[in-house]
Amino acid sequence: MLSILKRLRCITLDITGTLIAYKGDLGDSYCLAVQLAGKPCPSYKSVDEGFKVAYAELAKKHPCFGFADKIPNYVWWKICVRDSFVKAGYEYDDETFENIFSRIYATFGSAVPYRIFPDAIPFLRWLRQRDVMVGLVSNAEYRYRDMILPALGLNQGSEWDFGVFSGLEGVEKPDPRIFEIALKKAGNVAPEAALHIGDSLRNDYLAARGVGMQALLLDRFKTADAFDWRKSGAIVLPDLIATKEWLTSEVLK
């Protein structure tokens, strides 16, 4: 009998919702930037809702943070943030908006709005100590790799080996190509010798399974969706401590 871990050469992980999470609501950070610019704070909820719509629309029009259209990251986010406020019913003159946006952009390029799950670093180091290649596969922009993750203590070379970020690769989950890129970066690992861990049935579980990888989902927030995840046949675990136990359990093969 072999443990599941012994059959794996590579484990890839999603980032947000899997290794890290937002502190509070996005609207909090946006409204704080408005207050610091000396303007009355909009409704947190309306800004939150406005952002969801603005982000979805812009991501559809210019996916992967404007990768194909060569839109600079700063410009992409400026369009998104301005539209978020407009949809929430707030418009600012150019000078005021520049002040607000520069604060928001700096904040979300730092560790400030994020928290790291306490089991994340121990789990990643534990894998690497067992010669398992660790990759990150995320629909995220370049600042995750260069600024946000290092600021949170998630460093390439000590916690993870390679990353596949949609803003840098021009392809995003659930496109199977993002997982094919990951397998190649891992040293052309066979899909069946790789496992992906995430928190979205469509983006993580089904997309990874679609290229022949093994997959499991984390239900860190006790979401109602987890019932459907299990129903569809997905392995669903509460956290990375439970994942470690699952990986070291013995299976007949």
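This report walks through a predicted model, from its central sheet outwards to its helices, its largest pocket and a few backbone details.

## The sheet

Let us start with the strands. Six of them, in the order β6-β5-β2-β7-β8-β9, make up an open sheet with parallel pairing. Strands β6 (162-165) and β9 (236-237) stand at the edges with a single partner strand each, so one side of each has no neighbour in the sheet. Helix α9 (residues 177-185) packs on this sheet and touches β2, β5, β6 and β7 (194-198). The direction of α9 makes about 160° with that of β6.

The table below sets out four of the strand pairings, with one pair of facing residues for each.

| Strands | Bridges | Sense | Facing residues |
|---|---|---|---|
| β5 and β6 | 4 bridges | parallel | Leu-136 and Gly-163 |
| β2 and β5 | 4 bridges | parallel | Ile-11 and Val-134 |
| β2 and β7 | 4 bridges | parallel | Leu-13 and Ile-197 |
| β7 and β8 | 4 bridges | parallel | Ile-197 and Leu-216 |

Ile-197 turns up twice here: the residue is the bridge partner of Leu-13, and it also stands opposite Leu-216 in β8.

How much of β7 is buried? The count is 5 of its 5 residues. On one side of β7 are Ala-194, His-196 and Gly-198, and on the other Leu-195 and Ile-197, so both faces are covered. Edge strand β6 is also covered on both faces, with Phe-162 and Val-164 buried on one side and Gly-163 and Phe-165 buried on the other. In other words, β6 has one side without a neighbour strand in the sheet, yet its two faces are covered.

## Leu-218, at the end of β8

Strand β8 covers residues 214-218, and Leu-218 belongs to it. Is Leu-218 buried or exposed? Its relative accessibility is 1%, under the 20% cut-off, so Leu-218 counts as buried. Beyond its neighbours within four places in sequence, Leu-218 is in contact with several residues, including Thr-18, Ile-197, Gly-198, Trp-229, Leu-237 and Leu-240. Of these, Ile-197 and Gly-198 are also among the buried residues of β7. Leu-240 is 22 residues away from Leu-218 in sequence, while their C-alpha atoms are 7.8 Å apart in space.

## Helix α6

Helix α6 spans residues 120-129, and its buried residues are Ala-120, Ile-121, Phe-123, Leu-124, Trp-126 and Leu-127. What do these buried residues pack against? Their partners are β2, β4 (114-116), β5, β7 and α12 (240-248). After α6 comes Asp-131, whose phi is positive, near 60°.

## The largest pocket

If you are looking for open space in the model, the largest pocket has a volume of about 1200 Å³. It is lined by 42 residues, and those closest to its centre are Thr-16, Tyr-22, Phe-51, Tyr-55 and Asn-139. Several helices each supply at least two lining residues: α1 (26-36), α2 (44-61), α3 (63-66), α4 (73-87), α5 (94-107), α7 (142-151) and α10 (201-210). Which of the elements gives the most to the lining? That is α2, with 5 residues.

## Cysteines

A search of the whole structure for disulfides finds 0. Cys-10 is buried, at a relative accessible area of 1%, and Cys-31 is buried as well, at 0%. Cys-64 is likewise buried, with a relative accessible area of 6%.

## Backbone details

Cys-64 deserves a second look for its backbone. It is placed in helix α3, and its phi is near 55°, a positive value in a residue other than glycine. Asn-188 also has a positive phi near 55°. This residue is found in the loop between α9 and β7. With a relative accessibility of 58%, over the 50% cut-off, Asn-188 counts as exposed, whereas Cys-64 is buried.

Finally, where is the cis peptide bond that involves Pro-174? It joins Lys-173 and Pro-174, with omega about 10°. Pro-174 lies in the loop between α8 (166-169) and α9, and α9 is the helix that packs on the sheet.

Key: Residues are numbered from 1 along each chain as its sequence is written. This is a predicted model: local features need pLDDT of at least 70, side-chain atom pairs count only at pLDDT 80 or more; totals for chains, interfaces and linings use all residues. Side-chain values use heavy atoms; hydrogens and water are left out. Two strands pair if DSSP finds at least two bridges between them. Contact means heavy atoms within 4.5 Å. Axes are lines fitted to C-alpha atoms, for helices over the stretch in contact, and angles run from 0 to 180 degrees between N-to-C directions. A disulfide is a pair of cysteine sulfur atoms within 2.5 Å. Buried means under 20% relative accessible area, exposed over 50%, partly exposed in between (1.4 Å probe, protein chains only). On a 1 Å grid over the protein atoms alone, a cavity is a set of points where a 1.4 Å probe fits but cannot get out, and a pocket is an open set with protein on both sides within 12 Å along at least five of seven lines; lining residues have an atom within 4 Å of a point. Grid points are joined across faces, edges and corners, and a volume is the space filled by probe spheres set on the points.
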